[in-house]
Amino acid sequence: MTTLQPFAQSGFLAHLERLADAPTPAAEAQLPSQLTALVLNADGSGTLTRAAHELIALLKARKALLQTTFDTALVADELRRYQKFSKPGQPSPHVVGLRQKQAATRQAGNVARQSLVKSAAAFVREAGIDVPQRVAIEVFIDKWIDTSLPKGISPSPST
């Protein structure tokens, strides 16, 4: 059975979104030190940099891609289950509906993948990160997110 891959940076994304909505000077203490210069403006106002706004878009795109990947696999599993026992000849309306649903989820996955690549390129440009040659930007950014961004931050309630 297909399981949803957890989005480990969901707490960090929620924290960044709160900072974007209501910047506070105390935000530096809540961020890891290596990300403070990338995310917050140097003037001490607690406002986010352009790179931080691009990072928010990138994390949202990655979360959407994980969801569409799960949805595509789920529909494919269901379609395989029903096609296995279908009679030869014209497919049943249920199988036809599942095929249409599979096509729609694949299209949504393609859109999510394009959105991830677009937001990754914008983030890399704003943050000044060098992408190695001969490495696809989506592969590089996935590894960068996994290694550079904090995981497991529990989103604190807004005050």
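Residues 24 or more positions apart supply 59% of the contacts in the protein chain that have a separation of 6 or more. This figure describes a predicted model, and it offers a starting point for reading the fold.

The elements of the chain come next. The protein chain contains six helices and zero strands. Followed along the sequence, its pattern is therefore written α-α-α-α-α-α. The chain has 159 residues, of which 35% count as buried. Its exposed area is about 9800 Å², and carbon and sulfur atoms supply 55% of that area.

Two of the helices deserve a closer look. Helix H4 covers residues 50–84, while helix H5 covers residues 93–127. How far apart are the axes of H4 and H5, and at what angle do the two helices pack? The axes are 8 Å apart, and the angle is about 160°. Because angles over 145 degrees count as roughly antiparallel, H4 is roughly antiparallel to H5. The crossing of the two helices is left-handed. The residues of the contact between H4 and H5 comprise 20 nonpolar, nine polar and 10 charged ones.

Individual residues of H5 show how this packing appears in detail. One of them is Thr105, which lies in helix H5. Is Thr105 buried or exposed? Its relative accessible area is 14%, and a residue under 20% counts as buried, so Thr105 is buried. Setting aside residues up to four places away in sequence, Thr105 touches Asp71, Thr72 and Val75. These three partners fall within the span of H4, residues 50–84.

His94 also belongs to helix H5. The relative accessible area of His94 is 41%, which lies between the limits of 20% and 50%, and His94 is therefore partly exposed. Which residues does His94 contact, once its neighbours within four places in sequence are left aside? They are Glu78 and Tyr82. Tyr82 stands 12 residues from His94 along the chain, and the C-alpha atoms of the pair are separated by 8.6 Å. Glu78 and Tyr82 likewise fall within residues 50–84, the span of H4.

Taken together, the two residues illustrate the pairing of the helices. Thr105 is buried and is in contact with Asp71, Thr72 and Val75, whereas His94 is partly exposed and is in contact with Glu78 and Tyr82. Both examples belong to a chain of six helices, in which H4 and H5 pack at an angle of about 160°.

Key
Residues numbered from 1 in each chain as written. Predicted model: local features only at pLDDT ≥ 70, side-chain atom pairs only at ≥ 80, totals over all residues. Heavy atoms only, no water. Helix = DSSP H or I, 4+ residues; strand = E, 2+ residues; numbered from the N terminus. Buried < 20%, exposed > 50% of the residue type's maximum accessible area, 1.4 Å probe, protein only. Contact = heavy atoms within 4.5 Å. Areas by Shrake-Rupley, 256 points an atom, 1.4 Å probe, with all protein chains shown as cover. Axes fitted to C-alpha atoms, helices over the stretch in contact; angles between N-to-C directions. Parallel < 35°, antiparallel > 145°, perpendicular 65-115°, else oblique. Left-handed = near helix turned anticlockwise from the far one by under 90°. Nonpolar A, V, L, I, M, F, W, Y, C, P; charged D, E, K, R; others polar.
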